[in-house]
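The following exercises concern the sheet, the loops and one helix residue of a single chain. Each task is followed by a worked solution.

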Amino acid sequence: MLNNFINFIKFDDNKRIIVSVNESYSVYLQEEKNRQLLKKALIDLLQDDFEKLEVGKNNCRITVKAGTESTSIQKIQSSLKDSFGLIRKFMGM
């Protein structure tokens with residue numbers, strides 16, 4: 001189910017975490033309220049390791065403290081899998 005929403009999660013050349021969202025859901029990234037919710041969720045998840053969120057047309061660039069990139073991407077991947085798992089249960093999938 002995760003692949004229906006997320007194209008990929010990887011590092012760019014600057015060690016920022018890139019989360020690419022399926023084009024059909026990109027409209028949600030453009031709403032300010034959703035950007036603020038996303039930023040709050042990242043701060044709650046990554047705490048002091050979070051530095052910056054940049055939102056593009058269909059991707060998010062997440063900057064974290066140097067040295068925490070690998071653990072941060074693992075936390076993000078795990079959180080997304082858990083969240084979509086709950087959605088699947090709720091929808092009876």
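Two strands are said to pair if DSSP finds at least two bridges between them. Helices (H or I, at least four residues) and strands (E, at least two) are DSSP runs, numbered from the N terminus. The model is predicted: local features need pLDDT of at least 70, side-chain atom pairs count only at pLDDT 80 or more, and totals for chains, interfaces and linings use all residues. Residues are numbered from 1 along each chain as its sequence is written, and side-chain values use heavy atoms, with hydrogens and water left out.

**Exercise 1. Confidence**

State which element has the lowest mean pLDDT and which the highest.

*Solution.* Step one: pLDDT is the predictor's confidence in each residue, from 0 to 100. Step two: the chain average is 88, and 86% of the residues score at least 70. Step three: among the elements, helix H1 (residues 2-5) has the lowest mean, 70, whereas strand S3 (residues 50-55) has the highest, 97. Where pLDDT is low, the predicted coordinates should not be read in detail.

**Exercise 2. The sheet**

Determine the strand order of the sheet and the sense of its pairing.

*Solution.* Step one: strand S1 (residues 6-11) runs antiparallel to S2, joined to it by five bridges. In this pair Ile9 faces Val19, and Lys10 stands opposite Ile18. Step two: S2 also pairs with strand S4 (residues 59-64), in the antiparallel sense over four bridges; here Ser20 is opposite Asn59. Step three: the result is an open sheet of four strands in the order S1-S2-S4-S3, with antiparallel pairing. S1 and S3 are at the edges with a single partner strand each, so one side of each has no neighbour in the sheet. From one strand to the next the twist averages 15 degrees.

Step four: helix H3 (residues 32-46) lies across S3 and S4 and runs at about 155 degrees to S3. Axes are lines fitted to C-alpha atoms, for helices over the stretch in contact (heavy atoms within 4.5 Å), and angles run from 0 to 180 degrees between N-to-C directions.

**Exercise 3. Burial of S2**

Establish how many residues of S2 are buried and which way they point.

*Solution.* Step one: buried means under 20% relative accessible area, exposed over 50%, and partly exposed in between (1.4 Å probe, protein chains only). Step two: strand S2 (residues 17-21) is mostly covered, with five of its five residues buried. Step three: Ile17, Val19 and Val21 point one way, Ile18 and Ser20 the other way, and all are buried.

**Exercise 4. Positive phi in two loops**

Locate Lys15 and Gln47 and classify their exposure.

*Solution.* Step one: most residues other than glycine have a negative phi. Step two: Lys15, although not a glycine, has a positive phi of about 65 degrees. Lys15 sits in the turn of the hairpin formed by S1 and S2, which have five residues between them. Its relative accessibility is 41%, so Lys15 counts as partly exposed. Step three: Gln47, in the loop between H3 and S3, has a positive phi near 50 degrees. Gln47 counts as exposed because its relative accessibility is 55%.

**Exercise 5. Contacts of Lys75**

Identify which residues Lys75 contacts, leaving aside neighbours within four places in sequence.

*Solution.* Step one: Lys75 belongs to helix H4 (residues 69-91) and, at 34% relative accessibility, counts as partly exposed. Step two: its contacts are Leu45, Leu46 and Asp49. Step three: Lys75 and Leu45 are 30 residues apart along the chain, and their C-alpha atoms are separated by 7.4 Å.
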